[in-house]
Amino acid sequence: MKFADKLFLSMLSLLAFAFSLFGLWMLNSNFNRLMDKEKEQALQQLQMLQYFFDITYQTYEAYGSDYAVQAALDSLSSSMDSETLGYYIIWNGEILTGGDPQNLLYDDSTLLTCIIQMSENIDETHNSVYSIQKIADGQYVLVRIISYENDSAQMVLGIYQDISETYAERTYYIRQYWFAVLVLLSVSACIVAVLSRVITRPIRRLNRVANQIAGGDYEKRSHYRSSDEIGELAQTFDKMADTLLNYIREKEEAAKQKELEAKQKEDFTNAFAHELKTPLASIIGYADMLNTVPLSEAEQREAYYYIYSQGKRLESLSYKLMELTNVERQPLIGRVIDTKNLEENIRVTMRPVWKEAGIQGKAVFERGTIWGDEDLLLSLLYNLISNANKAVEENGFVVLRGKKSADGGYEITVVDNGRGIPQEEIGRVTEAFYMVDKSRARKQGGAGIGLALCQKIIDLHQGTLKIVSNVGEGTAIRLSFPPAEELKRKMREDYAPEA
């Protein structure tokens, strides 16, 4: 059974119980008041009857008690005429009657039995006694009172009055009440059915949303806002769904990252093996020639040169790998660096290189500060300059510009007018051993580690490296560093020893 149905039945049962309990209490209270009124009226009539009886009895008492009683009874019979009221006198063990409605006293033994029982239960502590009895097809109230003659002879005077209309009225009201209850319950059932559906609507919505989320629609939310308990439940449910979605996304990102790292490691291993294979093959080949084949002096010098050059290439590769590994493992221990010092170092170092290569090189840095490791920053810049030098042709240009950024940090841009990088390749050039033009890179002594090392260094300094390039037009690489004091404080927090 659904919750809405349970709520409907519970509320309807409660209303039915309340209507029934209240109605029965009200009807019973009203009927008791009517019965008390009937009993009071009967007792008043009996007292009036006794008054008239005593007057008549005293008038004829001189003629004897029996005569006086009969005279009083005849007087009452002529003065009282009622279809619902009857009276009787018990005198010397004999029952005398008058005004008998419907001749009940002698036609129905029940009335006579009740009168005799009431007479037998007379005692001096209760002068009047009343009783309600069902006689024939009606209900009657019986009241009796005790009179005495000369304080010796006992005389009982009583009446019996038909109160069937009171009972009929009660039966009518009970029927009317139950009809009203049925109407009220029918109307209430419709109202309660609507209310139960309205009250449980948020729960049904939550159930639909839960089923949709279970079906894979993790973005679905209830968006129910209310200050009641269901509203709190809906908000908690949405928070739970958000937490679950974030957890799933984190897991998916972690899986993608793990897959990417695995692929990068595989690519790195394959590239590294390939980079080792070429120089080793040259070294082994030329060494074997020197060992097994008679060569002229010129051929021997050529063989020695190839062995030496390939050995230097392996040495350079090993240094690059060591540098890359050290950057990944060691924490940044830096200081505040004046950018003019970087500019001067680059000018002094690169002037002869640019001159020999026929490149128009230039380094202009606005005075500012960068917090970090100066050697690593110089390595970063020299790797970018080296890549730019390889990309440009003779009479090309390589320009380095530095300026303060709006947020208080510092930006350095390396621009050249070289070959450029295809747009689809830009996202991968920072991977280790990845080279856009492998044959040209190897010819120029490259191994595809420079930009990977640059990315590691800029990450270590909490900065960003952005590449903008067009094939045939050139490349611009922008380095953005955070404010020196901010990075200094953050690094101290990250590498602070645990308490």
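Is Arg201 buried, partly exposed or exposed, and what is its relative accessibility? Arg201 comes out at 44% relative accessibility, so it counts as partly exposed. That value, like everything else here, comes from a predicted model. As for where the residue sits, Arg201 belongs to helix α5, which covers residues 164-214. Arg201 also has charged company: together with Lys2, Arg204 and Arg208 it makes up a positive patch on the surface.

Helix α5 turns up again in a patch of another kind. Val183 is found in this helix, and it is one of the members of a nonpolar surface patch that also takes in Phe179, Val187, Ile191, Leu195 and Ile199. Taken together, the six side chains of that patch put about 520 Å² of accessible area on the surface. Val183 has a relative accessible area of 40%, so it is classed as partly exposed.

Stepping back to the whole chain, the fold adds up to 12 helices and 12 strands. The protein chain has 499 residues, and 36% of them count as buried. Its accessible surface comes to about 30,400 Å², with 53% of that belonging to carbon and sulfur atoms. Contacts across the sequence are well represented too: among contacts with a separation of 6 or more, 64% are between residues 24 or more positions apart.

Ala476 gives a local example of such contacts. This residue is found in strand β12, residues 474-481. Setting aside neighbours within four places in sequence, Ala476 touches Val414 and Val415 on one stretch of the chain, and Lys466, Ile467 and Val468 on another. The pairing with Val414 spans 62 residues in sequence, yet the two C-alpha atoms are 5.6 Å apart in space. Even with these contacts, Ala476 is partly exposed, its relative accessible area being 23%. The cut-off for buried is under 20%, so Ala476 does not make it into that class.

Next come the charged pairs. Side chains of opposite charge can pair when their charged atoms come close. A search of the whole structure turns up 5 salt bridges. One of them joins Glu297 to Arg301, with the closest N and O atoms 2.9 Å apart. Both residues lie in helix α7 (residues 297-329), and their spacing of 4 residues is about one turn of the helix. On the surface side of things, Glu297 is exposed at 58% relative accessible area, while Arg301 is partly exposed at 49%.

A second salt bridge, between Arg367 and Asp338, has its closest N and O atoms 2.5 Å apart. This pair ties together distant parts of the chain, since Asp338 is in strand β6 (residues 335-338) and Arg367 is in the loop between β7 (360-365) and β8 (369-372), 29 residues apart. Asp338 counts as partly exposed, at 24% relative accessibility.

Helix α8 supplies another bridge. The side chains of Glu343 and Arg347 meet with an N to O distance of 2.7 Å. Because these two residues are 4 apart in helix α8 (residues 339-357), about one helical turn separates them. How do the partners compare for cover? Glu343 is buried, with a relative accessible area of 5%, whereas Arg347 is partly exposed at 34%. The pair does not stand alone, either: Lys340 joins Glu343 and Arg347 in a network of salt bridges.

The backbone has a couple of spots worth a look. Most residues other than glycine have a negative phi. Asn395 goes the other way, with a positive phi near 70°. Its place is the loop between α9 (374-391) and β9 (397-404), and at 59% relative accessible area Asn395 is exposed. Gln462 is also not a glycine, and its phi is positive at about 60°. Gln462 lies in the loop between α11 (450-460) and β11 (464-470), where it counts as partly exposed at 39% relative accessibility.

Note on methods
Residues are numbered from 1 along each chain as its sequence is written. This is a predicted model: local features need pLDDT of at least 70, side-chain atom pairs count only at pLDDT 80 or more; totals for chains, interfaces and linings use all residues. Side-chain values use heavy atoms; hydrogens and water are left out. Patches are made of residues with over 30% relative accessible area and no salt bridge: like charges are joined within 9 Å, nonpolar side chains (Val, Leu, Ile, Met, Phe, Trp, Tyr) within 5 Å. Accessible areas come from the Shrake-Rupley method with a 1.4 Å probe; for residues, only the protein chains shown count as cover. A salt bridge is a side-chain nitrogen of Lys or Arg within 4 Å of a carboxyl oxygen of Asp or Glu. Lys and Arg count as positive and Asp and Glu as negative; His and the chain ends are not counted. The place of a charge is taken as NZ of Lys, CZ of Arg, CG of Asp or CD of Glu. Buried means under 20% relative accessible area, exposed over 50%, partly exposed in between (1.4 Å probe, protein chains only). Contact means heavy atoms within 4.5 Å.
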